[in-house]
Amino acid sequence: MAQTLLILIIAFVTLEFIVSSVLSWLNTKWMTHPVPPELEGLYDEEKYRRQQDYMRTNKRVSLIARCVSFALTLIILGFGLLGWLDNQCKAWTDVPVLQVILFLVIYNLFNTVIALPFSYYSTFVIEERFGFNRTTHKTFWLDTIKSFAVSTVLSAVLMAVVYWLYQTFGQQFWIWATLVCAVFIIFFTMFYSNLIVPLFNKQTPLPEGELRDAITAALASFGSKFKDIYIIDGSKHSTKANAYFTGFGPKKRIVLYDTLQDQMTTNEIVAVLAHEFGHYKHRDTFKNMIISIVTIAINLFIFSLLVDNPHLPVALGGTAPSFILALVAFSLLLSPIDLLLSPAGSAISRRAEYRADAFAASHGHGEALISGLKKLASHALSNLTPHPLVVWYSYSHPTLAQRIRAIRTHH
Ligand SMILES: [Zn+2]
């Protein structure tokens with residue numbers, strides 16, 4: 001039985017590798033496709049060559065990263081190394097919850113170390129060569145340490161609580177664990193800008209001046225007194241620009257990258273803000289939160305049916321019942337469902353983007369949004385011709401050409 005489970009897990013991991021490789025290959029095949037008419041002239045010949053070069057370089061690195069991670073996963077599964085790690089953790093301490101936390105910390109550390117050469121190369125070789133990088137070595141290492149520390153502490157705390165619930169309530173633990181996860185998600189969605197972002201970036205309220213006046217006027221035209229607009233120092237990491245809406249309740253805010261001002265006119269920034277305000281109007285943060293909580297509830301419920309199955313830990317090389325091994329095996333067994341659900345998640349996200357664009361367009365910011373988005377895409381050397389299947393499967397945003405077409409129908 002455990003043998004069959006292991007074969008199944010390896011088959012699923014392989015399937016995931018094949019799907020992501022095929023999608024990436026499709027995109028590469030499509031990248032020389034003619035540019036859609038809406039975007040003609042966005043790149044001159046010289047810049048187009050740079051864009052193609054940028055894409056090819058990124059594809060090569062992500063191909064290597066994907067192969068390394070696939071090979072390592074096969075080695076780890078084939079040699080039962082997770083079971084070995086679990087036994088080591090059990091030998092180091094007799095306290096069950098500490099065994100679980102120890103396993104988690106080592107597992108996180110391993111994943112961080114494996115990803116490190118790729119993120120280093122991407123930042124200091126690729127992004128540097130194409131003129132995007134602003135990250136210093138000091139910032140890079142501090143960020144790496146901080147994000148490892150934050151993700152490890154948060155996941156360890158959550159895991160400890162869930163494990164304790166399992167020990168206390170047995171199979172019924174999933175109900176309580178869902179509640180705990182829900183509180184956790186709601187708390188961090190709310191306080192993300194106050195607790196997590198300041199570890200990596202500085203945010204300052206939008207200062208008085210031309211931009212603030214224009215934004216205040218636009219917000220007044222939406223009938224809103226919204227004033228939580230912040231500038232974030234994205235320039236600390238990259239020259240690429242962005243904007244986002246975050247939080248809910250009293251902690252909601254619109255965040256604009258300082259790099260937007262290097263690339264866009266005031267009208268274009270106001271149009272981007274109108275798009276972000278559209279997300280707020282449609283309560284998109286809140287909806288995403290509900291989707292994550294429901295997903296977690298379903299996952300935990302299915303996991304509760306399998307958690308005591310003795311074959312799960314054995315499939316990963318374990319020799320004794322183990323909550324954490326069962327959890328890892330479960331998440332690997334569930335990966336085909338993630339593959340199937342990914343297009344649905346992407347479609348929901350793209351629909352929200354269309355609606356936010358429509359909000360901006362219906363308030364007269366359509367053309368400014370189009371020219372602003374074009375400048376962002378051109379600066380970032382974006383791929384203007386992603387393969388339709390890749391867009392359908394994994395794009396959180398519609399393509400630039402699709403967005404322009406949709407915005408223009410709102411005039
Ligand atoms: Zn958006």
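Helix H4 has a kink in it: at Leu 116 the helix bends by about 35 degrees, and a proline, Pro 117, follows within four residues. Keep in mind that you are looking at a predicted model. H4 covers residues 96-129, and its 34 residues should span 50 Å at 1.5 Å a residue. The C-alpha atoms at its ends are 49 Å apart, which agrees with that figure.

Now look at which side chains of H4 are tucked away. Leu 116, the residue at the bend, is one of the buried ones. Others on the list include Gln 99, Val 100, Phe 103, Leu 104 and Asn 108, along with Thr 123, Phe 124, Ile 126 and Glu 127. What do the buried residues of H4 pack against? Their partners are helix H2 (45-78), helix H3 (81-92), H5 and helix H12 (323-333).

Glu 128 also lies in helix H4. Is Glu 128 buried or partly exposed? With 42% relative accessibility, Glu 128 counts as partly exposed, because buried means under 20% and exposed means over 50%. If you set aside residues up to four places away in sequence, Glu 128 touches Thr 123 and Asn 133. Met 289 is another matter: it sits 161 residues from Glu 128 along the chain, and their C-alpha atoms are separated by 36 Å. Once H4 is over, you come to Gly 131, which has a positive phi, near 80 degrees.

Helix H5, one of the packing partners of H4, runs through residues 137-169. Try the ruler on this helix too: 33 residues at 1.5 Å each should span 48 Å, and the end C-alpha atoms are 47 Å apart, so the two agree. A glycine follows here as well: Gly 170 comes after H5, and its phi is positive, near 65 degrees.

Further along the chain is the zinc ion. Which residues hold the zinc ion? His 275 and His 279 each coordinate it through NE2, and Glu 353 does so through OE, at 2.0 to 2.1 Å. Along the chain, these donors follow the spacing H-x3-H-x73-E. His 279 and Glu 353 link distant parts of the chain, 74 residues apart: His 279 is in helix H9 (residues 266-281), and Glu 353 is in helix H13 (residues 335-379). Are these two buried or exposed? His 279 has a relative accessible area of 9%, so it is buried. Glu 353 counts as buried too, because its relative accessibility is 7%.

Methods:
Residues are numbered from 1 along each chain as its sequence is written. This is a predicted model: local features need pLDDT of at least 70, side-chain atom pairs count only at pLDDT 80 or more; totals for chains, interfaces and linings use all residues. Side-chain values use heavy atoms; hydrogens and water are left out. Donors are N, O and S atoms within 2.8 Å of the metal (3.2 Å for Na, K and Ca); water is not among the atoms, so sites may look incomplete. Helices (H or I, at least four residues) and strands (E, at least two) are DSSP runs, numbered from the N terminus. Buried means under 20% relative accessible area, exposed over 50%, partly exposed in between (1.4 Å probe, protein chains only). The expected span of a helix is 1.5 Å times one less than its number of residues. The bend at a residue is the angle between axes fitted to the seven residues ending there and the seven starting there. Contact means heavy atoms within 4.5 Å.
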